[in-house]
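Open the model in a viewer with the cartoon representation switched on. The stops below can be selected by residue number.

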Amino acid sequence: MKKIIVTHKNTDFDALGSLVAAKLLYPEFVPVLGHIHTKRVEEFIRIHKDFLNFTSTKLIDWNNVEEVIMVDFQEIQRSEDLDNIKNKDKVKWFIYDHHPEQNMEVKAEIQDIREIGATSTILCDYLVKNNITPDFLTSTIIALGIYADTGKFTYPNTKPKDLEMASWLLKNGADLNIISEYTTLTLEENHIDLSNSLMSNSEILNCGNIKVLFSYYTLEDYVHDLSLISHKLLEYYSTDAIILIVQMQKWIYIIAKSNLSNFNLIEILKEYNPKGHYQAVFCKISNIDINDIIFKVKNKLISYKLSKIYAKDIMSSPVRTINKRLEINKANDLLLRYGHNGFIVIDDNKKVVGIISRRDIDKALHHNMGNSLVKDFMTTNIISIDENTEFTEIEKLMIKKNIGRFPVLKEGNLIGIVTRTDILKTLYSKEIKSNTYSKSEIFSDINLKEKMKSFFTKEQFNFLDFISNEADKLGYKIFFSRWRCKRFNIGK
Ligand SMILES: [Mn+2]
């Protein structure tokens with residue numbers, strides 16, 4: 001892999017959006033992501049991992065890198081890994097950034113450094129110019145970068161171009177519900193006053209087992225951005241949902257938000273002509289008495305019956321299983337044939353014993369171990385869920401455990417599987433395709449021999465070299481794994 005796209009450590013949403021946009025602009029480059037991200041970015045990546053499909057810094061042969069695109073930063077030391085490139089003069093550099101220009105440590109072939117709200121905006125500008133239209137999920141990620149770095153277009157660094165690009169991304173389907181979920185906000189003084197008034201009127205209602213913060217208030221002045229207040233109060237009380245009814249001058253506004261994808265706010269507020277998404281709703285009402293609305297909404301909440309989403313509703317079935325003694329090569333054929341991201345592995349008694357993912361199979365093939373068996377590369381640490389596990393629970397589990405697929409059991413028997421794709425389908429209520437970059441693009445240029453030189457002592461390396469030469473003479477292929485190295489006692 002000689003052409004890569006990198007960004008800074010403490011990767012924020014603008015860095016992430018820039019990586020994704022740069023990949024669209026330079027399809028022959030491979031986006032690389034380190035380990036250190038901000039918390040919200042990490043959570044976002046865990047859910048969207050299959051779609052993003054970044055390459056880990058560990059897989060890069062840093063000394064053979066020939067071209068590097070740096071996005072959202074200019075200083076080498078702000079990256080986790082660029083210092084691994086010894087001969088920086090031999091590398092072709094491209095820089096896209098919105099931070100003020102620094103004394104550049106490297107000479108860039110192409111650089112676009114503009115003082116603008118977000119680097120995502122700069123790269124998005126090139127997408128427009130090159131007639132490249134991102135899909136809705138890519139649009140969402142790039143827009144998230146712009147929204148986050150401009151404080152939703154309120155920070156002084158915001159430029160008209162940021163709004164222009166956000167507008168274009170919205171046209172391409174960027175999802176405001178997701179953007180709002182992943183951007184945090186700060187309150188102004190009039191927001192705090194209104195928040196305090198709402199807090200003193202608030203009560204927590206139990207709707208089934210859902211806790212809803214309910215409050216109302218009437219005030220003389222107009223306060224912008226009520227959704228900001230609902231967001232903060234929801235965070236503060238950590239209820240499952242919030243409904244605020246606020247009268248300002250002749251209008252009554254209802255702002256409602258829910259953290260649960262199955263709590264249907266549109267349904268609850270349907271007689272007030274609700275706008276928005278079923279998890280975030282806004283109503284603007286005139287000519288009705290506020291007490292009337294308070295009474296009706298409250299009653300509706302108390303009598304609300306939950307329509308929950310369960311594993312059995314979103315799972316894929318029937319589930320394709322493979323035997324643990326299948327060859328990796330055959331498993332790979334099946335993977336390609338069915339376009340899956342992995343399989344559930346069973347033993348001869350049809351008991352679930354593991355999961356093998358596309359990543360595991362790629363790893364095996366990369367080490368020329370296609371003849372070995374699925375059981376040697378599968379993950380045995382699996383978490384199964386019951387058919388009646390709730391969607392929100394599955395989503396939480398996926399983020400917490402960083403696992404991409406859960407076998408679904410009914411009375412102990414495998415009946416389906418819930419994957420990241422199923423989660424995304426439910427979250428966005430749309431079909432999602434997983435992005436796959438060609439693996440040859442990622443692996444072909446790694447020179448392992450050079451890499452091994454730096455891992456082993458001279459004696460160890462010579463010994464390995466000797467074994468490999470002897471094997472060559474005999475026409476054998478030789479494989480090393482950590483386990484075997486230990487047995488031979490030639491290294492850690
Ligand atoms: Mn930035």
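Is the crossing of α1 and α3 left-handed or right-handed? To see it in this predicted model, select residues 13–25 for helix α1 and residues 119–129 for helix α3. The crossing is left-handed. The contact draws on Asp 14, Gly 17, Ser 18, Ala 21, Ala 22, Leu 24 and Leu 25 from α1, and on Thr 119, Ser 120, Leu 123, Cys 124, Tyr 126 and Leu 127 from α3. By type, eight of the residues in this contact are nonpolar, four are polar and one is charged.

Keep both helices selected and look at their axes, which lie 8 Å apart and make an angle of about 20°. Angles under 35 degrees count as roughly parallel, and α1 and α3 are therefore roughly parallel to each other.

Next, select residues 385–386, which are β16, and residues 413–419, which are β18. Add residues 405–410 for β17. These three strands make up an open sheet with mixed pairing, in the order β16-β17-β18. Both β16 and β18 are edge strands with a single partner strand each, so one side of each has no neighbour in the sheet.

Now stay with β16 and β17, which run parallel and are joined by two bridges. Show Ile 385 and Val 408 as sticks: Ile 385 stands opposite Val 408 of β17.

Finally, zoom out to the whole protein chain. Its secondary structure amounts to 20 helices and 18 strands. Of its 492 residues, 32% count as buried. Among contacts with a separation of 6 or more, 66% are between residues 24 or more positions apart.

Definitions and conventions
Residues are numbered from 1 along each chain as its sequence is written. This is a predicted model: local features need pLDDT of at least 70, side-chain atom pairs count only at pLDDT 80 or more; totals for chains, interfaces and linings use all residues. Axes are lines fitted to C-alpha atoms, for helices over the stretch in contact, and angles run from 0 to 180 degrees between N-to-C directions. Helices (H or I, at least four residues) and strands (E, at least two) are DSSP runs, numbered from the N terminus. Angles under 35 degrees count as roughly parallel, over 145 as roughly antiparallel, 65 to 115 as roughly perpendicular and the rest as oblique. A crossing is left-handed if the near helix is turned anticlockwise from the far one by less than a right angle, and right-handed if clockwise. Two residues are in contact if their C-beta atoms, placed from the backbone, lie within 7 Å. Ala, Val, Leu, Ile, Met, Phe, Trp, Tyr, Cys and Pro count as nonpolar, Asp, Glu, Lys and Arg as charged, and the others, Gly among them, as polar. Two strands pair if DSSP finds at least two bridges between them. A residue is buried if 20 or more other C-beta atoms lie within 10 Å of its own, exposed if 12 or fewer, and partly exposed in between; C-beta atoms are placed from the backbone.
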